[in-house]
Amino acid sequence: MTKSLGNAKTIWVDKNRYPDFQKSFETTMMSSDGYEFRVAEFKKNFNISKEIVSAYITIFADCKYRLSVNNKVIGMGPVCAGGDFSNPHSLPKCYYTTYPVDFKIGENEVYAEVQTIPEVMTDTSKGKPCLIANIEINFSDSTTENIFTDETWLCRATESYRRPQNLRCSYYGSPWENAVLTDNIWQLYPSPIKPLVEEYVPSSEIIVPDIYKDRVVVKNNSVIIKYGSPVTIDCIFDKIYAGYPVMSFSGCNNLIADVDCQEFLGQICHNDKTRIRIEEIFDFNYRGIRLQSIGVMRIGVVFTERQDAEIRNIGIISTHYDEPDDGFFKSSDCELNRVFELCKHTLGICRQSLHLDSPYHQENLACTGDYYIESLMTYYCFGDTKLTRFDIIRTIDFLKMNDGFMFHTTYSLILLRMIYDYYMYSGDKSIIEYSIETLHILLNRFNSYTTDDGLITNPPNYMFVDHVVYDSYSMHHPPRALGETALNAFYYDALNMAVKLCDIVNDNKSVIYKTRAEKLKKSFNETFFDNEKGLYFDGRNFNDEVIEWRPCEYKKRYYSVHSNTLAVLYGLCDEINAKKLMQEIIENKALIQANPYFMHFVIDAVYKTGLFGKYGVDLLRKWTKLVDECDKGLKEVWVGFDCDYSHAWGGTPAYQLPARFSGIQILEPGMKKIKLNPSTYGLEHVEISIPTPHGKIVINIDGDGKYTVSSPEEIIVE
């Protein structure tokens, strides 16, 4: 339930007293020169004398807030406004959030810390900080009291944080004073999603190196450290979580603690360590303000006084989007079960106020390929549609603002299929109505990149194909010779998706897109198919001008799994030869191979050509080596270490396993009518639960092919 901000006023600290707290750059892609990381504190104390029925706080802040009620943190925000990977400016819409809260009879305090500047890619600002909030209290006598932000709220600037990784908690702060009003420059909208869930996760094991064991006593998830030279301990968690490090310090006057958040023990992190300086304070509760991807916390402690210290309740405040947990895949193959669970867990930690690529990188909504796969995984694991819908809306809003341009060419084309699949699962036609005019802008932009043959010939880049490096070229930003065919295949699919979307909302532009698609298909096969090899090559050898993110290779012809898979999957190749080509794609190891992300498209194409029984289970078993390497979170690529272990884009087994073993086809939007074709594909038994908008579909399949189905009465099952 999202409430209104009502008559709340926009407040901030006095610019005359705090001139360096008054401005911000808009995104991390802009220069930060001349800006300082600052944190301001706000509070409101009030007395309640009547019985409370319900209470809420509706809040927005620029750039980021941490909200507490009676010394307990209840949430952080705001929700991400969206934007591109290299977005150089803020977004037109900002979103406020409503939190249900528990107040008490007597004195209450609402407290907020507000960070002034962006420090991760999902942060955005309008260029100046602010706080605006409405406290709504509903009483048992049917009366309501609203406490709005205004000049009576108290504020002060804190010097404790000079950067998010450095807390000097001995700073007592300037005196509290009244907040001042500031102009409201924000277009504020209610967040369509609930506040994130926060859960405390204790460390499961504390490892003390042998050289420190005579000075460290471990008890549950606490340690007592005897005074002396620096000590390092490793706090291990059962899984990788997206969250904030927490711990309590006792007897710690003049202590420095360095907290290094890692995904696995010994990982070299991209982020700086957090440094906590405790001076003139003996007891202190710490909670970080930067979202981290945490499987291990390495804590290094330095003493400057002769005293023992205790660190208690070492853990994580795990944060994630609130969702049901109805989807599962259970089979006689324990390895496939482990694959499903790891992919599902990684998806869960990537579902924040938007679908993240990973909580390690926290990229913005430009990576549509990631979020498309995550949306399919979500349908089959959690049955949620709201976060996907919100992602689509924010992406559409950005495209509309930016004349259809996004950094990744291929990714923005995948958006159309993401919208169509969302519609088929949810039945929500309004998302197409909201998007269609902007999709015309997007496709007109891509049409401007084409030549008379209908092929995209001069795009700003050929991104993104896969996280593969070949001949020193990254297929993250490939030259024409490695990316042209894939980009045109994605464009062809986008045109066909546009035909379907237009037909759903009776938009006559479907005729235009159908004509463009037909021309592209003809030229695609004439241009990219190598008759001698019986394969599609990856792009032509033109001596292109080298521009940023588009290198040039004009001396060699490449053949990959990627281009050939897309030709099969999207119907660009002859249907008669599709099965033969797909067999060649799987068996020809001389082709440039796919990483976990692109394997989503490979497995889709294998299923489409009726080859899942031959190849599908073995392809899905490829993920077992990722589980064996790290069973706490999903690695980004098959091999190598310069990556993260919390990347849901490679988690397609969480979708493929229930979808392919059930053989489900959605025949009518909103899953009102479906078709099932269950199979164990050689396993002894399989049990599947698929959440739908109407309830769960549960399927039990035996090795002899017999199966039972339990489904909601609202769904017609063929």
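# Exercises on helices, contacts and strands

I576 and K580 are exposed on one side of helix α9, the side opposite its buried residues. The model is predicted, and therefore local features need pLDDT of at least 70 and side-chain atom pairs count only at pLDDT 80 or more, whereas totals for chains, interfaces and linings use all residues. Residues are numbered from 1 along each chain as its sequence is written, and side-chain values use heavy atoms, with hydrogens and water left out.

## Exercise 1: the faces of α9

Determine which residues of α9 are buried, and on which side of the helix they lie.

Solution. Begin with the terms: buried means under 20% relative accessible area, exposed over 50%, and partly exposed in between, with a 1.4 Å probe and protein chains only. Helices (H or I, at least four residues) and strands (E, at least two) are DSSP runs, numbered from the N terminus.

Next, list the buried residues of α9, which are A578, L581, M582, I585 and I586. They cover an arc of only 135° around the axis, taken from the directions from the helix axis to the C-beta atoms, and so they lie on the same side of α9. I576 and K580, the exposed residues, are on the other side.

Finally, check the length of the helix, for which the expected span is 1.5 Å times one less than its number of residues. Helix α9 (residues 575-587) has 13 residues and should therefore span 18 Å, which agrees with the 19 Å between its end C-alpha atoms.

## Exercise 2: salt bridges between separate parts of the chain

Identify where the partners of the D384 and R351 salt bridge lie, and where those of the R480 and D544 salt bridge lie.

Solution. A salt bridge is a side-chain nitrogen of Lys or Arg within 4 Å of a carboxyl oxygen of Asp or Glu, and a search of the whole structure finds 34 of them.

In the first pair, D384 and R351 have their closest N and O atoms 2.7 Å apart. D384 lies in the loop between α2 (368-381) and α3 (386-401), while R351 lies in the loop between α1 (334-350) and α2, so the pair ties together parts that are 33 residues apart in sequence. D384 counts as buried because its relative accessibility is 8%, and R351 counts as buried because its value is 0%.

In the second pair, the closest N and O atoms of R480 and D544 are 2.8 Å apart. Since R480 belongs to helix α6 (residues 480-504) and D544 to the loop between β30 (535-536) and α8 (561-569), the bridge ties together parts that are 64 residues apart in sequence. Both R480 and D544 are buried.

For contrast, D210 bridges to K213 with the closest N and O atoms 3.1 Å apart, and D210 counts as exposed because its relative accessibility is 62%. A network of salt bridges links K64, E119, D123 and R290.

## Exercise 3: aromatic rings

Describe the geometry of the pair formed by Y95 and Y189, and find which elements hold these residues.

Solution. Rings of Phe, Tyr and Trp (its six-membered ring) pair if their centres lie within 6.5 Å, and planes under 30 degrees apart count as stacked, over 60 as edge-to-face and the rest as tilted. The structure holds 36 aromatic pairs. Y95 and Y189 are 6.4 Å apart centre to centre with 50° between the planes, a tilted arrangement. Y95 is in strand β6 (residues 94-100) and Y189 in strand β15 (residues 188-190), so the pair ties together parts that are 94 residues apart in sequence. Y95 is buried at a relative accessible area of 5%, whereas Y189 is partly exposed at 33% relative accessibility.

One aromatic cluster is formed by Y411, F464, F490, Y570, Y597, F598, F601 and W649.

## Exercise 4: successive hairpins

Establish how many residues separate β33 from β34, and how many separate β34 from β35.

Solution. Two strands pair if DSSP finds at least two bridges between them. Strands β33 (residues 685-692) and β34 (residues 695-702) are antiparallel over eight bridges, with I690 opposite I697 in β34, and they form a hairpin with two residues between them. Strand β34 also pairs with β35 (residues 707-710), in the antiparallel sense over four bridges, and V698 stands opposite S710 in β35. Four residues lie between β34 and β35 in this hairpin, and G705 in the turn has a positive phi of about 95°.
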